Amino acid sequence: MYEKITPPDIGSRITFKNGEPVVPDNPIIPFIRGDGTGVDIWPASQMVIDTAVQTAYQGKRQISWFKVYAGDEACDIYGTYQYLPEDTLQAIKEYGVAIKGPLTTPVGGGIRSLNVALRQINDLYACVRPCRYYEGTPSPHKYPEKLDVIIYRENTEDIYLGIEWRQGTEMAERIISLLNNELIPASPEHGKKQIRLDSGIGIKPISKTGSQRLIRRAIRHALRLPKNKQMVTLVHKGNIMKYTEGAFRDWGYELATTEFRNECVTERESWILSNKEVNPDISIAENAQMIEPGFNALTAEKQAVICQEIEKVLDSIWSTHGSDQWKDKVMVNDRIADSVFQQIQTRPDEYSVLATMNLNGDYVSDAAAAVVGGLGMAPGANIGDECAIFEATHGTAPKHAGLDRINPGSVILSGVMMLEYLGWQEAADLIKQGISDAIANRQVTYDLARLMEPPVEPLKCSEFAEAIIKHFQ
Ligand SMILES: NC(=O)C1=CN([C@@H]2O[C@H](COP(=O)(O)OP(=O)(O)OC[C@H]3O[C@@H](n4cnc5c(N)ncnc54)[C@H](OP(=O)(O)O)[C@@H]3O)[C@@H](O)[C@H]2O)C=CC1
Ligand SMILES: O=C(O)CCC(=O)C(=O)O
Ligand SMILES: [Mg+2]
């Protein structure tokens, strides 16, 4: 029973089977309008989604929207500090698939992120953010069309666990004392390091379970892509944080070479195999020299490890992956996070699916969005095994709130992701076509209008939605 909301009379629940949604023709879908520009974006988005569904299915399928509350709007209805009412949590749990506008999170103090809470409470462990270019979108980049990536960002741990202690509190002092006096001295690799006594402390846990379930989804996604896009890049800062970021990489490779052994090849394996393909008589040591820069300068022990690696690869997968067979597999490689930021700008077409931990994925998804036209065109989904919430990459953009000027494109495209998730591809395709045609006709909101050459008069948020719909015909 709900306290202050009532589900629509018509429609039924989406259920889940083996992690996939089972969708009735008239699903009930909860939505959160959102704070800030949510007041402008949501009505525009709902209009586009509803019209696309009506146009595609002529009444055979339709969404029954169920309004639920979070953020400022929730406080108006439920009372002070009731930012995320139990009603809302219950409705999302019950109906399984939801869509939302952005919600405000204060910096420094105040409530913790409602967006993050929704992802954690529902164990929506994969934050999926595709970044592709729509023809005609102005971009600061010369060849924005070369970027076509899907970011799979871990959505429940790393900084999102939000376990931290404020500087100067008793708990912060106790943790620092424990670390400085017991744990660091007991770990020889940390030498004489000490944490400053006036530090705030944050914990960055990265688990094998959390990493592998995210990377599993990323690999499965890559398997659904055209052959030339079947690549997963593990993004990490494992050179610096070896047991968290480095472990993410290692667990990714472990998964790719066990659970997905038949479907995947690692970049390093591909070098070993192709060296043998080019020169069938190549010795193990020659192969090692070719795959490992500076091999000859390594200690004998390290050289032996690399030679063993090569022998193992050739023994175990030559018959299944050798003789060019690896070229039909999903390529799994890894790149250090800072280099990925420059490479998505300088060599964007070398990337396809990026699997990241939480913080790296947060940064890289905004950066990739900028390449293809900015945050106004950046959709996203938070996916778990029994629930999914769709939402844009951007936030509440408060200075534009209530002005009917913001670009609703990201939430509309999040709606496209939702329709695809439901299996309603025809409606999703109509919206994608409508957006493409509107942009090609230079019918855009302020963010894109200001970059167009020659400049164009911007449409309002609501007018952009109408322009998209006009292109459905
Ligand atoms: N999932 C969520 O709900 C998220 C919530 N947030 C929260 O949102 C609040 C504001 O965050 P902030 O850092 O300002 O980031 P925002 O993403 O809200 O906005 C930053 C800038 O990005 C541009 N932008 C954002 N949305 C759009 C859009 N739809 N169309 C066109 N341009 C857009 C605007 O640039 P310009 O003014 O130059 O045109 C805007 O000023 C914070 O409380 C933050 O925590 C942040 C991210 C995600
Ligand atoms: O929850 C927030 O306020 C920020 C979330 C965010 O930046 C994101 O999801 O990318
Ligand atoms: Mg972000």
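This text walks through a predicted model, beginning with its sheet and ending with its two ligands.

The sheet is open and has eleven strands. Read across, the strands come in the order 4-3-5-15-14-6-7-13-10-12-11, and their pairing is mixed. At the two edges lie strand 4 (64–68) and strand 11 (264–266), each of which pairs on one side only. On average, neighbouring strands in this sheet are turned by 25 degrees against each other, with direction ignored.

One pair of strands can be followed in detail. Strand 10 (residues 231–236) and strand 12 (residues 330–336) run parallel and are joined by six bridges. To find one of these connections in the structure, look for H236, whose bridge partner in strand 12 is I336.

Helices lie against the sheet. Helix 1 (residues 38–57) packs on it, touching strand 3 (28–32), strand 4 and strand 5 (97–100). The direction of helix 1 makes about 165 degrees with that of strand 4. Helix 7 (residues 245–256) lies across strand 10, strand 11, strand 12 and strand 13 (353–356). With strand 10, helix 7 makes an angle of about 160 degrees.

The next stop is ligand 1. A shell of 22 residues surrounds ligand 1, and the closest are G395, A397, H400, N407 and Y446. By kind, the shell divides into six nonpolar, ten polar and six charged residues. Which side chains have a polar atom beside an oxygen or nitrogen atom of ligand 1? In Y446, an N or O atom of the side chain is 2.5 Å from an oxygen atom of ligand 1. For K399, the distance from such a side-chain atom to an oxygen atom of the ligand is 3.1 Å. E391 places a polar side-chain atom 3.0 Å from a nitrogen atom of ligand 1. Taken alone, ligand 1 exposes 870 Å², and the protein buries 71% of that area. Helix 4 (114–121) and helix 15 (446–449) are the elements that give two or more residues to this shell.

Ligand 2 is surrounded by T105, S113, N115, R119, R129, R153, Y160, D362 and T393. These residues divide into one nonpolar, four polar and four charged. In N115, a polar side-chain atom lies 2.8 Å from an oxygen atom of ligand 2. R119 has a polar side-chain atom 2.9 Å from an oxygen atom of ligand 2, and for an N or O atom in the side chain of D362 the distance to a ligand oxygen is 2.9 Å. Ligand 2 exposes 290 Å² when taken alone, of which the protein buries 75%.

Terms used. Residues numbered from 1 in each chain as written. Chains lettered and ligands numbered in written order. Predicted model: local features only at pLDDT ≥ 70, side-chain atom pairs only at ≥ 80, totals over all residues. Heavy atoms only, no water. Near = heavy atom within 4 Å. Polar contact = N/O pair within 3.5 Å; in protein donor to acceptor, adjacent residues only side chain to side chain. Areas by Shrake-Rupley, 256 points an atom, 1.4 Å probe, with all protein chains shown as cover. Nonpolar A, V, L, I, M, F, W, Y, C, P; charged D, E, K, R; others polar. Helix = DSSP H or I, 4+ residues; strand = E, 2+ residues; numbered from the N terminus. Pairing = 2+ DSSP bridges. Axes fitted to C-alpha atoms, helices over the stretch in contact; angles between N-to-C directions. Contact = heavy atoms within 4.5 Å.
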